[in-house]
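Reader: I like to know what stands behind the labels people put on a model. Could you take me through them, one at a time?

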Amino acid sequence: MPIQIFCSVSFSSGKEAPGPLGDVWGRHQRQQRDNSESEEEEEEKEKEAARKEAREGDLPMDLVAFANSCTLHGASHVFVEGGLGPRQALWAVAFVLALGTFLCQVGDRVAYYLSYPHVTLLDEVATTELAFPAVTLCNTNAVRLSQLSYPDLLYLAPMLGLDESDDPGVPLAPPGPEAFSGEPFNLHRFYNRSCHRLEDMLLYCSYRGGPCGPHNFSVVFTRYGKCYTFNSGRDGRPRLKTMKGGTGNGLEIMLDIQQDEYLPVWGETDETSFEAGIKVQIHSQDEPPFIDQLGFGVAPGFQTFVACQEQRQLIYLPPPWGTCKAVTMDSDFFDSYSITACRIDCETRYLVENCNCRMVHMPGDAPYCTPEQYKECADPALDFLVEKDQEYCVCEMPCNLTRYGKELSMVKIPSKASAKYLAKKFNKSEQYIGENILVLDIFFEVLNYETIEQKKAYEIAGLLGDIGGQMGLFIGASILTVLELFDYAYEVIKHKLCRRGKCQKEAKRSSADKGVALSLDDVKRHNPCESLRGHPAGMTYAANILPHHPARGTFEDFTC
């Protein structure tokens, strides 16, 4: 690309050249000097105007222009040309009041959002069938008296509160084969051998009108010793379902609690029971029974009706809206997480760490505690864990679970009319029937289930909607108005920061546009003006005749 260089050259000397050439040169020089002075005066005026503008600033006019073009309502009535008058003052008061009310409403909405409110939704869903829950039952007496020998009694003495020197006061069974086997006593084997057998307790069993029996129950160990679970879903057994609600469409059993087999009370310990009857827990197949704390009692001499309502899909919110926690079961004993599984797992680890043993109902491969360890370590450790050490066993509420609501009602059994018949049927006395027989009827009240779900009552979308509504109501603004304010603030800051740098750049640009002034003596020192005519027209001159110009043109390109 060709580059054009424009130079204005002025020649000056101490005195003007004589003759006609001097007159011409003098007039030319004066003309150049006048033009230069005129240009310098104009430049000085422009700089002075720029400095004055910088001192006074153009922001007020920009603010008025911005207020007239901004979508913020009321701003155009407050910021006007000509200063603040009564009308503008009234508009300013109204605008400040509206803005204050808007900010108060925004603060209230933000505070409500930060309280993390939630609502609980309850719904009932009808269905054609329901999975029947697991039913675990335990006799409140763990050991049958007829199975207790004297070596057994001495072994269990610390758990029963009996001193070795005390007379038991009851007849005892002869020692069994285990007493002569030489093997140490094992509490798990002892409970398994001496417990109440389901075959002896179960007098009648019916499920949905069809017969059932001990083969429909699974063995499980709890704090009550050996217990039995109906419809456990384990060992490859399918989970039973029910197609109708109401009495007769669930589980109905008649039990003999065998009160004459109860151990006498020799002292008060954690294993001592003063009750007569059975403990029952209705639970999901996915969680183990925790019957000593979550079970309900069924007394002999009554028929107990339990109407169940399945509460499925209990969905709770995690913090900060709720208290549940989405946790996975990090356990060697249980596959799925539940509060009962967590507590049993935690208690097992606590006892193994502090007593080097486990109770009969606890999973794992640690040795079973002896009766002495029960009394000296295991029972006190669990009591301490429940009462004081709340930080060791912290079982969070799962965010999804299934539970069963229950409504219990009872009637007396047997009646006077049926006492003789039942005594004859089971070959017992009427008194024995009244003191030991009970009937348990478990069924679904209706064939539906409840869903309970917690939901966030106020989410970020609601917060933004409320803020936008208040903003439009009080100050007539939107999110784009906020962007306009930020854009104006950015322009003001940029103007403040860049104003000085911009003036310096303009000064440099003005100095770069000035011409190069050469004195006549500089020209004469190289080639006199009079010798111009004696040289060829196309002869070039040295490069240093003009500063920063290459030797490309002839001297005729510059006027003397």
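Author: Happily; what follows goes from the overall make-up to the sheet, the cores, the rings and a few single residues. The model is a predicted one, in which local features need pLDDT of at least 70, side-chain atom pairs count only at pLDDT 80 or more, and totals for chains, interfaces and linings use all residues. Residues are numbered from 1 along each chain as its sequence is written, and side-chain values use heavy atoms, with hydrogens and water left out.

Reader: What makes a stretch a helix or a strand, and how many of each are there in the protein?

Author: Both are DSSP runs, numbered from the N terminus: helices are H or I over at least four residues, strands are E over at least two. By that rule the protein has 15 helices and 14 strands.

Reader: Which strands form the open sheet, and in what order?

Author: The order is 6-7-3-10-11, with antiparallel pairing. Strand 6 (217-222) and strand 11 (296-298) are the edges; each has a single partner strand, so one side of each has no neighbour in the sheet. From one strand to the next, the twist averages 35°; such angles run from 0 to 180 degrees between N-to-C directions, with axes as lines fitted to C-alpha atoms (for helices, over the stretch in contact).

Reader: What makes strand 3 and strand 7 a pair?

Author: Two strands pair if DSSP finds at least two bridges between them. Strand 3 (residues 134-139) and strand 7 (residues 225-230) have three bridges, in the antiparallel sense. Within this pairing, Thr136 is opposite Thr229 in strand 7.

Reader: Why is strand 14 described as largely enclosed?

Author: Burial decides that: buried means under 20% relative accessible area, exposed over 50%, and partly exposed in between (1.4 Å probe, protein chains only). In strand 14, 15 of the 20 residues are buried, so the rest of the structure largely encloses it. Strand 1 (residues 118-126) is joined to strand 14 by nine bridges and runs antiparallel to it, with Leu121 partnered by Glu453. Strand 9 also pairs with strand 14 in the antiparallel sense, over six bridges, and there Leu251 has Ile442 as its bridge partner.

Reader: What makes a group of residues a nonpolar core, and how many residues are in the largest?

Author: A core is a set of buried Ala, Val, Leu, Ile, Met, Phe, Trp, Tyr and Cys residues joined through side-chain atoms within 4.5 Å. The largest has 33 residues, and those touching the most other members are Phe132, Phe217, Leu251, Ile253, Leu255, Val280 and Ile442. Strand 14 (residues 437-456) gives the most to this core, with six residues. Apart from it lies another core of 28 residues, including Leu145 and Leu351.

Reader: Why is the pair of Phe190 and Tyr191 called tilted?

Author: Rings of Phe, Tyr and Trp (its six-membered ring) pair if their centres lie within 6.5 Å; planes under 30 degrees apart count as stacked, over 60 as edge-to-face and the rest as tilted. The search of the whole structure finds 10 aromatic pairs. Here the ring centres of Phe190 and Tyr191 are 6.2 Å apart and the planes stand at 50°, so the pair is tilted. Both residues are buried. Elsewhere, ring pairs link Phe132, Tyr207, Phe217, Phe230 and Phe444 into a cluster.

Reader: How do you know that Arg109 lies over the face of Tyr458?

Author: The rule asks for NZ of Lys or CZ of Arg within 6 Å of the ring centre and within 35 degrees of the ring normal. Arg109 lies over the face of Tyr458 at 5.5 Å from the ring centre.

Reader: Is Ile291 buried or exposed, and what does it touch?

Author: Ile291, in helix 8 (residues 291-294), has 0% relative accessibility, so it counts as buried. Contact means heavy atoms within 4.5 Å; leaving out residues up to four places away in sequence, Ile291 touches Thr136, Tyr224 and Val280, among others. Ile291 and Tyr224 are 67 residues apart in sequence, yet 8.4 Å apart in space, C-alpha to C-alpha.

Reader: Why is Glu252 called partly exposed?

Author: Glu252, in strand 9 (residues 251-256), has 23% relative accessibility, so it counts as partly exposed. By contrast, Thr481 in helix 14 (residues 479-512) is buried, with a relative accessible area of 2%.
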